[in-house]
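Here are a few exercises to work through with the structure open beside you. Try each task before reading its solution.

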Amino acid sequence: GYAMSFKTTGILAVILIVLGAFWYFYDYKGEKPREEKARLARRMFKFEKGKVKRLFVAMGDTMVICERQPDSTWVITSPVKTEADRWTADLIISNVEEINQEETIAERATPELLADYGLRHPSYRVYLDGAGVDTLLVGDDSPTGGFTYVKLAGKPAVLTVGAWQVNRMRKTLYDLRDKTAIPFDREQGGRIEISARGGQVVLTR
């Protein structure tokens, strides 16, 4: 009796260990990979960021076009020609890549529905030339403010995405311009001269 009881207890202990290991590796350890896989499945766009050659951003009637240079910096080619803020341009592209679809509001939107959701005349448009993806049209926010209505230019469906995902990529011409007053290499700069009507100040490193 004692030996049988001990043997039964040992078998139960082994079963519990096996079940515990299964829970740990499948449920606990596997939860994050499954969540990541589900999140990636909701991505609206799949592309390689390095293949983007030009960035088109439109707010209302103002279209800003940025062109990537061979050294991975950016220049604005329209509506003015000037240096672009590299980090802002790259950030917009990253934000587009990370947009997740939340819900499908209408599979085939009518002109009336597009007007209702602010998509007949989108407030914001983004196109990534070279990425092989469609233009993103951005409409109004939902009544609660937590979501934004969007649409791909070449598809009829109206979708929702998180409003915060849209808000962080809304950039104007001012945001995209390089705001460095006088670009120079700080490591090479050893002397600064400031001249004014009252005299001259010289700063040396």
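**Exercise 1: A bridge between strands**

In this predicted model, Asp129 and Arg54 form a salt bridge, with their closest N and O atoms 3.1 Å apart. Task: find which strands hold the two partners, and decide whether Asp129 is buried or exposed.

Solution. Start with the strands: Asp129 sits in strand β6 and Arg54 in strand β1, so the pair links distant parts of the chain, 75 residues apart. Next, take Asp129: its relative accessible area is 19%, and buried means under 20%, so Asp129 is buried. Finally, Arg54 has a relative accessible area of 31% and is partly exposed.

**Exercise 2: Helix to loop**

Task: which parts of the chain does the salt bridge between Glu97 and Lys49 tie together?

Solution. First locate the contact: the two side chains meet at 3.7 Å, N to O. Then place the partners: Glu97 belongs to helix α2 and Lys49 to the loop between α1 (2-41) and β1, so the bridge ties together parts 48 residues apart in sequence. Lastly, compare exposure: Glu97 is buried at 18% relative accessible area, while Lys49 is partly exposed at 35%.

**Exercise 3: Into the core**

Task: which residues touch the most other members of the largest nonpolar core?

Solution. Among the 31 residues of this core, they are Met44, Phe47, Leu55, Leu128 and Leu136. Now ask who supplies the largest share: α2 does, with four residues. To finish, look around Leu128: leaving aside neighbours within four places in sequence, its contacts are Phe47, Val52, Arg54, Leu55, Ile93, Val96 and Val133.

Terms used: Residues numbered from 1 in each chain as written. Predicted model: local features only at pLDDT ≥ 70, side-chain atom pairs only at ≥ 80, totals over all residues. Heavy atoms only, no water. Core = buried A, V, L, I, M, F, W, Y, C linked by side-chain atoms within 4.5 Å. Buried < 20%, exposed > 50% of the residue type's maximum accessible area, 1.4 Å probe, protein only. Helix = DSSP H or I, 4+ residues; strand = E, 2+ residues; numbered from the N terminus. Contact = heavy atoms within 4.5 Å. Salt bridge = Lys/Arg side-chain N within 4 Å of Asp/Glu carboxyl O.
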